[in-house]
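Got the viewer open? Let's walk through this one together, one question at a time.

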Amino acid sequence: DAATTTESASAALRELAVQVDLLEPAEISCISENARESGALAKICRMLGDPHAHQNALAILANLTTVEVNPRAGEAKAALKACDSIALVVRHLFSEYVQTAALACAVCQNVVVNDAEVVTTLHRSGGVGRLRELASCDVATIASAANGCLANLTNLWLQASECAVTAPR
């Protein structure tokens, strides 16, 4: 039945999140490629909307979208965008649960790099304001990830304004 399938998927996602966190970058790159090609990454993205599995989905995506950990992070980010999951990640910035907010900050920090479309989604959904709030919270992991995301946003805005100033008219 549907409940058993959801429970099984949540359990599998929980185990995958633990395993991915233990992998070396080359292994994460391989997992990322296999997950993308098999359609599993799209399923993980959809699990962001599942109240029982979203934290594990965020944990996996935080690893898969980190350039320092996954050389194929850009492909994982593209899959996240293709599934229209950026808004789901941003929604989790507003979570009352520390772990959820911290993971959502981490994913946002990774996916905003050089991507005006993601920044627009973040801005329109109130995510930038929420990141500013989280940047000064008492939980170090959240504040660090929120500040990292805001720094990436600032860099993108600075690059965009330089291009606008120096672009031919």
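Q: At roughly what angle do the axes of helix α4 and helix α7 cross?
A: Two packed helices are described by the angle between their axes and the distance between the axes. Here we're looking at a predicted model, so find residues 54–64 for α4 and residues 98–111 for α7. Their axes come within 9 Å, and the crossing angle is roughly 30 degrees.

Q: Is the crossing of α4 and α7 left-handed or right-handed?
A: Take the pair you just found, with axes that come within 9 Å. The crossing of α4 and α7 is left-handed.

Q: How many nonpolar residues does the contact of α4 with α7 have?
A: On the α4 side, the residues include Leu 58, Ala 59, Leu 61 and Ala 62, and they meet α7 residues including Leu 103, Ala 104, Ala 106 and Val 107. Polar names turn up too, among them Gln 55 in α4 and Asn 110 in α7. By class, that contact has no charged residues and five polar ones, while the nonpolar count is eight.

Q: Is His 54 buried or exposed?
A: Let's stay in helix α4, where His 54 lies. Leaving out residues up to four places away in sequence, His 54 touches Met 47, Leu 48, His 92 and Thr 100. Its relative accessibility is 14%, and the cut-off for buried is under 20%, so His 54 counts as buried.

Q: Which element of the chain has the highest mean pLDDT?
A: The chain averages a pLDDT of 87, and 92% of the residues score at least 70. Helix α10 (residues 140–166) has the lowest mean among the elements, at 80. Over residues 165–169 the pLDDT is below 50, and that stretch has zero contacts in the model beyond near neighbours in sequence. The highest mean, 95, belongs to α4.

Q: Which residue does Asp 115 meet in a salt bridge?
A: Asp 115 sits in the loop between α7 and α8, and its partner is 34 residues apart, in helix α5 (residues 73–82). At 8% relative accessibility Asp 115 counts as buried, whereas the partner, at 22%, counts as partly exposed. The two side chains meet at 2.8 Å, N to O, and the partner is Lys 81.

Q: How many residues apart are Arg 130 and Glu 133?
A: Their side chains meet in a salt bridge (2.9 Å, N to O). Arg 130 counts as buried at 17% relative accessibility, while Glu 133 is partly exposed at 47%. Both lie in helix α9 (residues 127–134), about one turn of the helix from each other, and that spacing is three residues.

Q: What is the N to O distance in the salt bridge of Glu 75 and Arg 72?
A: Glu 75 is partly exposed, with a relative accessible area of 29%, and Arg 72 is partly exposed too, at 25%. The side chains of Glu 75 and Arg 72 meet, with an N to O distance of 3.5 Å.

Q: What is phi of Asp 84 near?
A: Most residues other than glycine have a negative phi. Asp 84 is found in the loop between α5 and α6 and counts as exposed, at 63% relative accessibility. Its phi is a positive value in a residue other than glycine, near 55 degrees.

Notes. Residues numbered from 1 in each chain as written. Heavy atoms only, no water. Axes fitted to C-alpha atoms, helices over the stretch in contact; angles between N-to-C directions. Helix = DSSP H or I, 4+ residues; strand = E, 2+ residues; numbered from the N terminus. Left-handed = near helix turned anticlockwise from the far one by under 90°. Contact = heavy atoms within 4.5 Å. Nonpolar A, V, L, I, M, F, W, Y, C, P; charged D, E, K, R; others polar. pLDDT = per-residue confidence, 0-100. Salt bridge = Lys/Arg side-chain N within 4 Å of Asp/Glu carboxyl O. Buried < 20%, exposed > 50% of the residue type's maximum accessible area, 1.4 Å probe, protein only.
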